[in-house]
Amino acid sequence: MTNRTRPRPAKGGSRPIAPPTGRRIAPLVIAFALGALLAGPIAALTARDAAPAGGTSTADRVAALKAEEARRDAAQIVELTTKARQVQERLLPVLTGLSIAVPPGQAAGQATGTPPAAAEVERWRTTTGAIVEEFANPPSGGTAVNIARSGLAAAVRELDAAVDLYAAALALSPEARGPLLELAGRQRDIAIATWSTAATQLDVLNVDAGNGHAHVFLPAVPGQGALTADGAPEGK
(Lines give C-alpha, C1' and ligand atoms only; values in the text may rest on other atoms or scores of the structure.)
Protein backbone atom coordinates (compact mmCIF):
# COMPACT_ATOMS: atom_id res chain seq x y z
CA MET A 1 0.00 0.00 0.00
CA THR A 2 1.44 3.27 -1.11
CA ASN A 3 1.52 6.15 1.33
CA ARG A 4 0.45 9.38 -0.38
CA THR A 5 1.79 12.56 0.99
CA ARG A 6 -0.71 15.40 1.38
CA PRO A 7 0.25 18.54 -0.51
CA ARG A 8 1.71 21.16 1.70
CA PRO A 9 0.34 24.71 1.66
CA ALA A 10 2.30 27.28 -0.29
CA LYS A 11 4.91 29.24 1.54
CA GLY A 12 3.83 32.54 2.91
CA GLY A 13 0.64 31.63 4.76
CA SER A 14 -2.38 29.40 4.92
CA ARG A 15 -4.73 28.84 2.03
CA PRO A 16 -7.79 31.24 2.31
CA ILE A 17 -10.94 29.53 3.34
CA ALA A 18 -13.96 30.54 1.25
CA PRO A 19 -16.97 31.62 3.36
CA PRO A 20 -20.03 29.47 3.19
CA THR A 21 -22.40 30.31 0.33
CA GLY A 22 -25.16 31.33 2.72
CA ARG A 23 -23.03 34.03 4.31
CA ARG A 24 -22.32 35.63 0.91
CA ILE A 25 -25.98 35.71 -0.07
CA ALA A 26 -27.44 37.11 3.21
CA PRO A 27 -26.10 40.71 2.89
CA LEU A 28 -27.42 40.89 -0.68
CA VAL A 29 -30.88 39.80 0.44
CA ILE A 30 -30.91 42.37 3.28
CA ALA A 31 -29.83 45.21 0.96
CA PHE A 32 -32.51 44.28 -1.56
CA ALA A 33 -35.18 44.19 1.13
CA LEU A 34 -34.17 47.62 2.48
CA GLY A 35 -34.24 49.08 -1.00
CA ALA A 36 -37.72 47.75 -1.57
CA LEU A 37 -38.93 49.21 1.74
CA LEU A 38 -37.51 52.67 1.02
CA ALA A 39 -38.58 52.83 -2.59
CA GLY A 40 -42.25 53.18 -1.75
CA PRO A 41 -42.07 56.30 0.52
CA ILE A 42 -39.54 58.00 -1.77
CA ALA A 43 -41.71 57.43 -4.79
CA ALA A 44 -44.73 58.74 -2.90
CA LEU A 45 -42.91 61.93 -1.89
CA THR A 46 -41.67 62.47 -5.42
CA ALA A 47 -45.14 61.95 -6.82
CA ARG A 48 -46.65 64.35 -4.28
CA ASP A 49 -44.17 67.18 -5.00
CA ALA A 50 -44.38 66.71 -8.74
CA ALA A 51 -48.07 66.00 -9.05
CA PRO A 52 -49.55 65.14 -12.43
CA ALA A 53 -51.96 67.39 -14.24
CA GLY A 54 -54.96 68.07 -12.04
CA GLY A 55 -52.99 67.58 -8.80
CA THR A 56 -51.47 70.14 -6.40
CA SER A 57 -47.70 70.42 -6.07
CA THR A 58 -45.78 72.12 -3.27
CA ALA A 59 -45.03 75.06 -5.55
CA ASP A 60 -48.74 75.40 -6.35
CA ARG A 61 -49.67 75.39 -2.67
CA VAL A 62 -47.04 78.04 -1.87
CA ALA A 63 -48.32 80.21 -4.72
CA ALA A 64 -51.90 79.80 -3.49
CA LEU A 65 -50.92 80.84 0.05
CA LYS A 66 -49.10 83.93 -1.23
CA ALA A 67 -52.10 84.90 -3.33
CA GLU A 68 -54.40 84.51 -0.32
CA GLU A 69 -52.10 86.69 1.82
CA ALA A 70 -52.05 89.35 -0.90
CA ARG A 71 -55.87 89.40 -1.02
CA ARG A 72 -56.04 89.61 2.79
CA ASP A 73 -53.56 92.50 2.93
CA ALA A 74 -55.34 94.37 0.12
CA ALA A 75 -58.61 94.19 2.06
CA GLN A 76 -56.94 95.21 5.33
CA ILE A 77 -55.29 98.23 3.71
CA VAL A 78 -58.69 99.55 2.67
CA GLU A 79 -60.20 98.79 6.10
CA LEU A 80 -57.31 100.40 7.99
CA THR A 81 -57.42 103.52 5.80
CA THR A 82 -61.15 103.89 6.45
CA LYS A 83 -60.56 103.42 10.18
CA ALA A 84 -57.72 105.97 10.19
CA ARG A 85 -59.94 108.58 8.52
CA GLN A 86 -62.67 108.02 11.10
CA VAL A 87 -60.19 108.30 13.98
CA GLN A 88 -58.67 111.41 12.44
CA GLU A 89 -62.07 113.15 12.44
CA ARG A 90 -62.74 112.15 16.05
CA LEU A 91 -59.33 113.38 17.22
CA LEU A 92 -59.48 116.79 15.56
CA PRO A 93 -61.61 118.37 18.36
CA VAL A 94 -59.23 116.94 20.97
CA LEU A 95 -56.17 118.34 19.21
CA THR A 96 -57.85 121.69 18.63
CA GLY A 97 -58.69 121.94 22.33
CA LEU A 98 -55.20 120.91 23.38
CA SER A 99 -53.63 123.44 21.04
CA ILE A 100 -55.55 126.17 22.88
CA ALA A 101 -54.87 124.74 26.34
CA VAL A 102 -51.19 123.94 25.63
CA PRO A 103 -50.08 125.92 22.56
CA PRO A 104 -47.41 124.11 20.52
CA GLY A 105 -43.93 125.58 20.46
CA GLN A 106 -43.94 127.07 23.96
CA ALA A 107 -40.63 127.42 25.73
CA ALA A 108 -39.94 125.21 28.73
CA GLY A 109 -41.82 126.32 31.81
CA GLN A 110 -44.40 128.38 29.94
CA ALA A 111 -48.10 127.77 30.48
CA THR A 112 -49.87 130.49 28.58
CA GLY A 113 -52.80 128.46 27.25
CA THR A 114 -56.42 128.99 28.12
CA PRO A 115 -57.74 126.20 30.37
CA PRO A 116 -60.93 124.54 29.02
CA ALA A 117 -63.89 123.54 31.13
CA ALA A 118 -63.52 120.31 33.08
CA ALA A 119 -66.40 118.78 31.08
CA GLU A 120 -64.49 119.33 27.83
CA VAL A 121 -61.41 117.60 29.20
CA GLU A 122 -63.58 114.64 30.17
CA ARG A 123 -64.89 114.47 26.60
CA TRP A 124 -61.29 114.33 25.37
CA ARG A 125 -60.54 111.48 27.75
CA THR A 126 -63.66 109.59 26.69
CA THR A 127 -62.74 109.96 23.01
CA THR A 128 -59.10 108.92 23.27
CA GLY A 129 -59.86 106.10 25.71
CA ALA A 130 -62.48 104.62 23.37
CA ILE A 131 -60.12 104.74 20.38
CA VAL A 132 -57.36 103.05 22.39
CA GLU A 133 -59.76 100.17 23.06
CA GLU A 134 -60.68 99.95 19.39
CA PHE A 135 -57.06 99.31 18.48
CA ALA A 136 -56.55 96.82 21.32
CA ASN A 137 -57.25 93.60 19.37
CA PRO A 138 -55.86 94.01 15.86
CA PRO A 139 -56.34 91.33 13.19
CA SER A 140 -53.36 89.43 11.87
CA GLY A 141 -51.94 90.84 8.65
CA GLY A 142 -48.74 91.17 6.67
CA THR A 143 -45.73 92.88 8.22
CA ALA A 144 -46.19 96.17 6.34
CA VAL A 145 -49.87 96.43 7.32
CA ASN A 146 -49.10 95.50 10.93
CA ILE A 147 -46.47 98.27 11.12
CA ALA A 148 -48.97 100.91 9.95
CA ARG A 149 -51.67 99.71 12.33
CA SER A 150 -49.29 99.47 15.29
CA GLY A 151 -48.04 103.00 14.63
CA LEU A 152 -51.55 104.44 14.63
CA ALA A 153 -52.38 102.53 17.81
CA ALA A 154 -49.22 103.80 19.54
CA ALA A 155 -50.03 107.38 18.55
CA VAL A 156 -53.51 107.15 20.05
CA ARG A 157 -52.11 105.72 23.30
CA GLU A 158 -49.65 108.61 23.50
CA LEU A 159 -52.38 111.18 22.91
CA ASP A 160 -54.51 109.48 25.56
CA ALA A 161 -51.59 109.85 27.97
CA ALA A 162 -51.27 113.55 27.05
CA VAL A 163 -54.92 114.13 27.88
CA ASP A 164 -54.53 112.32 31.21
CA LEU A 165 -51.52 114.49 32.04
CA TYR A 166 -53.47 117.62 31.23
CA ALA A 167 -56.37 116.49 33.43
CA ALA A 168 -53.91 115.83 36.25
CA ALA A 169 -52.45 119.32 35.80
CA LEU A 170 -55.87 120.91 36.18
CA ALA A 171 -56.20 119.24 39.57
CA LEU A 172 -53.25 121.30 40.81
CA SER A 173 -53.13 124.96 41.68
CA PRO A 174 -52.40 127.30 38.75
CA GLU A 175 -48.94 127.98 40.17
CA ALA A 176 -48.04 124.27 40.28
CA ARG A 177 -49.39 123.25 36.86
CA GLY A 178 -46.45 124.33 34.75
CA PRO A 179 -44.38 121.10 34.68
CA LEU A 180 -47.36 118.85 33.96
CA LEU A 181 -48.70 121.20 31.28
CA GLU A 182 -45.31 121.18 29.58
CA LEU A 183 -45.16 117.37 29.78
CA ALA A 184 -48.69 117.07 28.37
CA GLY A 185 -47.67 119.27 25.43
CA ARG A 186 -44.57 117.17 24.73
CA GLN A 187 -46.61 113.98 24.89
CA ARG A 188 -49.12 115.47 22.44
CA ASP A 189 -46.28 116.33 20.05
CA ILE A 190 -44.90 112.77 20.23
CA ALA A 191 -48.36 111.42 19.46
CA ILE A 192 -48.67 113.59 16.35
CA ALA A 193 -45.18 112.62 15.14
CA THR A 194 -45.89 108.91 15.70
CA TRP A 195 -49.19 109.14 13.84
CA SER A 196 -47.50 110.90 10.94
CA THR A 197 -44.98 108.08 10.53
CA ALA A 198 -47.74 105.47 10.50
CA ALA A 199 -49.81 107.60 8.12
CA THR A 200 -46.84 107.76 5.73
CA GLN A 201 -46.58 103.97 5.84
CA LEU A 202 -50.31 103.72 5.14
CA ASP A 203 -49.95 106.10 2.20
CA VAL A 204 -47.19 103.91 0.71
CA LEU A 205 -49.32 100.79 1.18
CA ASN A 206 -52.22 102.37 -0.68
CA VAL A 207 -50.02 103.45 -3.57
CA ASP A 208 -48.44 99.99 -3.84
CA ALA A 209 -51.89 98.37 -3.73
CA GLY A 210 -53.09 100.53 -6.63
CA ASN A 211 -55.46 102.65 -4.52
CA GLY A 212 -53.58 105.90 -5.05
CA HIS A 213 -52.41 108.26 -2.32
CA ALA A 214 -54.25 108.27 1.01
CA HIS A 215 -53.24 111.22 3.20
CA VAL A 216 -54.55 110.63 6.72
CA PHE A 217 -52.38 112.99 8.76
CA LEU A 218 -53.10 114.88 11.98
CA PRO A 219 -52.53 118.66 12.07
CA ALA A 220 -48.95 119.48 13.01
CA VAL A 221 -46.83 122.59 13.43
CA PRO A 222 -43.10 123.08 12.85
CA GLY A 223 -41.06 121.65 15.67
CA GLN A 224 -43.29 118.70 16.42
CA GLY A 225 -41.16 116.37 14.31
CA ALA A 226 -44.13 115.17 12.27
CA LEU A 227 -44.08 114.08 8.67
CA THR A 228 -46.68 115.77 6.45
CA ALA A 229 -48.54 114.76 3.33
CA ASP A 230 -46.77 115.05 -0.01
CA GLY A 231 -48.15 117.11 -2.85
CA ALA A 232 -49.65 114.17 -4.73
CA PRO A 233 -53.44 114.34 -5.28
CA GLU A 234 -55.56 112.14 -3.09
CA GLY A 235 -56.35 108.81 -4.73
CA LYS A 236 -53.88 109.39 -7.60
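Helix 2 (residues 58-101) has 44 residues, and because a helix should gain 1.5 Å a residue, a span of 64 Å is expected; the end C-alpha atoms lie 61 Å apart, which agrees. The expected span is 1.5 Å times one less than the number of residues, and helices here are DSSP runs (H or I, at least four residues) numbered from the N terminus. This is a predicted model, in which local features need pLDDT of at least 70 and side-chain atom pairs count only at pLDDT 80 or more, while totals for chains, interfaces and linings use all residues. Residues are numbered from 1 along each chain as its sequence is written, and side-chain values use heavy atoms, with hydrogens and water left out.

Follow helix 2 along and you will meet a bend of about 35° at Leu-91, with Pro-93 coming within four residues. (The bend is the angle between axes fitted to the seven residues ending at a residue and the seven starting there.) Helix 5 (residues 178-208) has 31 residues and reaches 46 Å between its first and last C-alpha, close to the expected 45 Å. Just after helix 5 comes Gly-210, with a positive phi of about 85°.

Leu-91 turns up again in the lining of the largest cavity, together with Leu-95, Ala-155, Val-156, Leu-159, Ala-191, Ile-192, Trp-195 and Leu-218. At least two lining residues come from each of helix 2, helix 4 (143-170) and helix 5. The lining has nine nonpolar residues, no polar and no charged ones. The volume of this cavity is about 30 Å³. A cavity is a set of points on a 1 Å grid over the protein atoms alone where a 1.4 Å probe fits but cannot get out, and lining residues have an atom within 4 Å of a point.

Now for the charged side chains. The count comes to seven salt bridges, each a side-chain nitrogen of Lys or Arg within 4 Å of a carboxyl oxygen of Asp or Glu. Three of them are listed here:

| Salt bridge | Closest N to O |
|---|---|
| Asp-73 and Arg-72 | 3.2 Å |
| Asp-164 and Arg-125 | 3.0 Å |
| Arg-188 and Asp-189 | 2.8 Å |

Asp-164 in helix 4 and Arg-125 in helix 3 (residues 118-134) are 39 residues apart, so this pair links distant parts of the chain. Arg-188 is buried, at 3% relative accessible area, and Asp-189 is buried at 17%. Buried means under 20%, exposed over 50%, and partly exposed in between (1.4 Å probe, protein chains only). Asp-73 is buried at 18%, whereas Arg-72 is partly exposed at 29%.

Conventions
On a 1 Å grid over the protein atoms alone, a cavity is a set of points where a 1.4 Å probe fits but cannot get out, and a pocket is an open set with protein on both sides within 12 Å along at least five of seven lines; lining residues have an atom within 4 Å of a point. Grid points are joined across faces, edges and corners, and a volume is the space filled by probe spheres set on the points. Ala, Val, Leu, Ile, Met, Phe, Trp, Tyr, Cys and Pro count as nonpolar, Asp, Glu, Lys and Arg as charged, and the others, Gly among them, as polar.
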